[in-house]
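Welcome! Let's take a friendly walk through this structure, one piece at a time. Keep the 3D view open while you read.

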Amino acid sequence: MPFFENKLPVKFHLPEIVKGPWTREAKQRALNRELLEHYIEYFGKSMQTRNWSPWHNFPLEEMRVLGHRLSEETIHLIEGFLGVEEYVGDYVNGVLEYFRDNRLRRNLQLQWGAEETKHGIAWELVLKHSLVRTEEHLNAYLDKVRNFRWTPEQHPGADTPLGVSAYAMVQERATYFNYQEMRARIREEYGLPLNPNAEEQGRGYEAGASEAFRVVGVDEIAHHGIFLKLIQSYIRYFPSMTFETLTKVFSGFAMPSLLGIPNSRHFLRAVNRTDFYSTPIHREKVHNPVLKALGLENHDAFERAVQFARKLPENLGPDSVKLSKLGEWVVGYEKSPATS
Ligand SMILES: [Fe+2]
Ligand SMILES: [Fe+2]
């Protein structure tokens with residue numbers, strides 16, 4: 001009998017544990033409960049809908065047939081993304097210490113890391129089976145990856161459990177965008193339309209490396225989704241602290257490890273030559289969609305929200321304050337949990 005039924009539970013209702021007025025401790029307890037609900041939902045979906053293996057679920061033979069069509073730029077870009085994904089040990093280890101006394105965040109970090117381990121393998125297999133990199137070359141590349149060490153201190157604001165979530169929310173969105181762009185590039189070079197053709201639809205998977213980027217992209221947007229939910233909950237309970245952290249993370253944002261990857265020079269040259277990423281692209285494809293997902297119209301609205309969040313009273317409950325699209329906080333009456 002399968003461990004899981006096919007259906008996901010709609011929502012877990014955890015026991016109500018908040019009693020008393022909205023003190024800082026009461027808010028933290030209620031927030032923790034919400035974060036746990038988000039994690040349970042994320043974990044269930046991960047087990048049921050994103051349980052794939054790079055060695056078993058990709059059309060590796062088809063990559064071999066189509067590999068000669070990939071351009072030099074595309075190959076350098078894939079190799080760069082292999083490097084970025086290969087720091088997964090640092091990404092987990094670097095922040096696990098923050099979560100030593102936080103069982104939920106420790107488990108999320110480990111589960112997220114387990115999913116990320118498959119991405120580096122995916123890009124290694126794409127390069128190898130497309131016959132564009134030899135096994136010796138890849139082994140030498142992977143050896144060189146170790147010369148650089150990623151730490152969260154390389155990213156402003158990413159030095160607390162909240163800051164890690166804010167950074168990951170942006171980074172995962174950017175990674176999703178990058179892999180969607182890679183998938184589009186590969187499809188064009190393969191001579192395929194952007195959307196799956198009739199043959200791909202019929203068999204249920206995309207051609208060669210396009211399928212690998214599709215599958216990994218689904219992971220990345222799910223990662224963006226869980227960190228977004230954590231931040232949305234933080235905003236409900238600790239709006240001013242959350243917006244201070246978001247300000248730091250947004251203003252100092254850079255993708256992880258790019259200067260440390262072994263083919264950094266070739267990668268960055270390929271990025272420039274193909275117009276793959278730039279500050280305007282980041283603003284349009286990553287920053288603005290993140291703000292929209294947080295319910296804000298644009299960056300002006302974000303700055304307004306930051307200013308006004310500083311003035312909010314400390315003891316507000318989660319449902320007594322609402323953020324408008326324009327970044328204004330609407331404070332309303334709410335009974336404290338003790339009197340409800
Ligand atoms: Fe990844
Ligand atoms: Fe990810």
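Start with two glutamates: Glu 116 and Glu 172 are both buried. Keep in mind that this is a predicted model, so every value here is computed from it.

**Two iron ions**

What do these two residues do in the model? Both Glu 116 and Glu 172 appear among the protein donors of the iron ion (ligand 2). The table sets out the donors of each ion.

| Ion | Protein donors | Distance from the ion |
|---|---|---|
| iron ion (ligand 1) | Glu 85 (OE), Glu 85 (OE), Glu 116 (OE), His 119 (ND1), Glu 220 (OE) | 2.1 to 2.5 Å |
| iron ion (ligand 2) | Glu 116 (OE), Glu 172 (OE), Glu 172 (OE), Glu 220 (OE), His 223 (ND1) | 1.9 to 2.6 Å |

Along the chain, the donors of the iron ion (ligand 2) follow the spacing E-x55-E-x47-E-x2-H. Because Glu 116 sits in helix H5 and Glu 172 in helix H7 (residues 161-190), this pair ties together parts that are 56 residues apart in sequence.

How far apart are the iron ion (ligand 1) and the iron ion (ligand 2)? They lie 3.6 Å apart, and Glu 116 bridges them.

For the iron ion (ligand 1), the spacing of the donors reads E-x30-E-x2-H-x100-E. Here Glu 85 in helix H3 (residues 72-85) and His 119 in helix H5 (residues 103-129) link distant parts of the chain, 34 residues apart. Is Glu 85 buried or exposed? Glu 85 has a relative accessibility of 5%, so it counts as buried. His 119 is buried too, with a relative accessible area of 0%.

**How H5 and H7 meet**

Now look at the two helices that carry Glu 116 and Glu 172. The axes of H5 and H7 come within 14 Å and cross at roughly 25°. Angles under 35 degrees count as roughly parallel, and H5 and H7 are therefore roughly parallel to each other. The crossing of H5 past H7 is left-handed. On the H5 side, the contact is made by Arg 105, Trp 112, Glu 116 and Trp 123, while H7 brings Pro 161, Val 164, Ser 165, Glu 172 and Tyr 179. Sorted by class, that contact holds 5 nonpolar, 1 polar and 3 charged residues.

**A stop at a loop**

Finally, find Ser 278 in the loop between helix H11 (264-273) and helix H12 (279-293). Ser 278 counts as partly exposed because its relative accessibility is 29%. From C-alpha to C-alpha, Ser 278 and Leu 35 are 33 Å apart in space, and in sequence they are 243 residues apart.

Conventions: Residues numbered from 1 in each chain as written. Chains lettered and ligands numbered in written order. Predicted model: local features only at pLDDT ≥ 70, side-chain atom pairs only at ≥ 80, totals over all residues. Heavy atoms only, no water. Donors = N, O, S within 2.8 Å, 3.2 Å for Na, K, Ca; no water. Helix = DSSP H or I, 4+ residues; strand = E, 2+ residues; numbered from the N terminus. Buried < 20%, exposed > 50% of the residue type's maximum accessible area, 1.4 Å probe, protein only. Axes fitted to C-alpha atoms, helices over the stretch in contact; angles between N-to-C directions. Parallel < 35°, antiparallel > 145°, perpendicular 65-115°, else oblique. Left-handed = near helix turned anticlockwise from the far one by under 90°. Contact = heavy atoms within 4.5 Å. Nonpolar A, V, L, I, M, F, W, Y, C, P; charged D, E, K, R; others polar.
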